Amino acid sequence: MVTCNLDVPARALAVGAHPDDVEFGCGATLAKWAAAGCEIHHLICTDGSKGSWDPAEDQARLVAVRQEEQRNASRALGGKGEVVFLGWPDGELESGLRQRWEVAYWIRTLQPDVVFGHDPWRRYRLHPDHRNAGFLATDGIVAARDPHFFPEQNVAPHRPKALLLWEADEPDHAEDVTAVIDRKLAALEAHQSQFESTMKARDEGQLDAFRQRVRDRLADNGRRAGRPAAELFKRISDL
Ligand SMILES: [Zn+2]
């Protein structure tokens, strides 16, 4: 790793495609920073309405459940900031001007020092929402920082200091999360509707196995950074 542990920022904003993506991608780092006084915010691009293997699932009910789960997950991380839902249909997220307008608006309004997002350049990434949410984070920052983008928003431009991309194709930054693994797990477990489809946890034994997979991944990451446990990112600081 090139760098490890940013100074704790005053405000951070994590941009995820679906409820639960932020917790997988950077939950432990958010928990660490929240405990140190950072204001953490979530911006969830889609409504999560396809997050079920049950063909008979009531999608409107699922959307409401997943929003509540996302708020609970934010609280489990120690978050006291906003949890914003853009509400685009799950699986149909585009990274067009309309969506960029919204992300730029929230970056300007919440004024994060650090923005987190999916790495849109990760090779062989299958899910289009993850690619497009990644581009919305990068393109939203460009629009948010320059005054000639979307002047009708009537919100002052804002330039974050750093962008950290999770699931990075070429990670070059680590955050040591040794002390907050349980908080990441608690936040992931707030997404109970995803136990079957995403976490493959249909009973307590399988849930334990899921927890162990998360711990193992963080430990693997840590070995690459010379730490007991870490989350890894591509860091872009020249914004
Ligand atoms: Zn997702």
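This talk goes through a predicted model, from its zinc site to its sheet, its helices and a few loop residues.

Good morning, colleagues. Let me begin with the metal. Which atoms of the protein act as donors to the zinc ion? They are ND1 of His18, two OD atoms of Asp21, and NE2 of His130, and they lie 2.1 to 2.3 Å from the zinc ion. Along the chain, these donors follow the spacing H-x2-D-x108-H. The geometry deserves a comment. For four tetrahedral donors the ideal angle is 109.5 degrees. Here the four donor atoms subtend angles of 57 to 136° around the zinc ion, and the arrangement is therefore irregular. A tetrahedral assignment would require all angles to lie between 85 and 135 degrees. As for the surroundings of the donors, His18 and Asp21 are both buried.

Asp21 leads us to helix H1, which covers residues 21–35. The helix has 15 residues, and from its first C-alpha to its last it reaches 21 Å, close to the 21 Å expected at 1.5 Å a residue. H1 nevertheless contains a kink of about 70°, centred on Gly27. Why is H1 described as largely enclosed by the rest of the structure? The reason is that 12 of its 15 residues are buried. Among them are the zinc donor Asp21, the kink residue Gly27, and also Glu23, Cys26, Leu30 and Trp33. Just after H1, Gly37 adopts a positive phi of about 100°.

The kink residue also gives us a link to helix H2. Ala73 sits in H2, residues 59–76, and its C-alpha atom is 9.0 Å from that of Gly27, although the two are 46 residues apart along the chain. Ala73 has a relative accessible area of 0% and is therefore buried. Leaving aside residues up to four places away in sequence, Ala73 touches Glu23, Ala187, Ala190 and His191. Of these contacts, Glu23 is one of the buried residues of H1.

I turn now to the sheet. In what order do its eight strands lie? The order is S1-S7-S8-S6-S5-S2-S3-S4, in an open sheet with mixed pairing. The edge strands are S1, residues 3–4, and S4, residues 83–88, each of which pairs on one side only.

Let me walk inward from the S4 edge. S3, residues 39–46, pairs with S4 in the parallel sense over four bridges, and in this pair Leu43 stands opposite Val84. S3 is also joined to S2 by six bridges, and these two strands run parallel. In that pairing, Gly16 stands opposite Ile44. S2 itself, residues 11–16, has five of its six residues buried, so this strand is largely enclosed by the rest of the structure.

Further along the order we reach S5 and S6. S5, residues 114–118, pairs with S6 in the parallel sense over five bridges, with Val114 standing opposite Ala162. Is S6 enclosed or open on its two faces? Both faces are covered: Ala162, Leu164 and Trp166 are buried on one side, as are Leu163 and Leu165 on the other. Since five of the five residues of S6 are buried, the strand is largely enclosed by the rest of the structure.

Finally, three residues in loops. Most residues other than glycine have a negative phi. Tyr124 departs from this with a positive phi of about 60°. Tyr124 lies in the loop between S5 and helix H4, and at a relative accessible area of 80% it is exposed. Lys200 likewise has a positive phi, of about 50°, without being a glycine. Its place is the loop between helices H5 and H6, and its relative accessibility of 39% makes it partly exposed.

The third is Asp146, in the loop between H4 and S6. At 22% relative accessibility, Asp146 counts as partly exposed; the cut-off for a buried residue is under 20%. Its C-alpha is 7.7 Å from that of His158, which is 12 residues away in sequence. Beyond its neighbours up to four places away in sequence, Asp146 touches Arg108, Pro157 and Arg159.

To close, I would return to one residue. Asp21 is a donor of the zinc ion and is also among the buried residues of H1, the helix that kinks at Gly27. Thank you for your attention.

Technical notes: Residues numbered from 1 in each chain as written. Predicted model: local features only at pLDDT ≥ 70, side-chain atom pairs only at ≥ 80, totals over all residues. Heavy atoms only, no water. Donors = N, O, S within 2.8 Å, 3.2 Å for Na, K, Ca; no water. Tetrahedral: all angles 85-135°; square planar, octahedral: opposite > 155°, others 65-115°. Buried < 20%, exposed > 50% of the residue type's maximum accessible area, 1.4 Å probe, protein only. Contact = heavy atoms within 4.5 Å. Expected span 1.5 Å × (residues − 1). Bend = angle between axes of the 7 residues up to and from the residue. Pairing = 2+ DSSP bridges.
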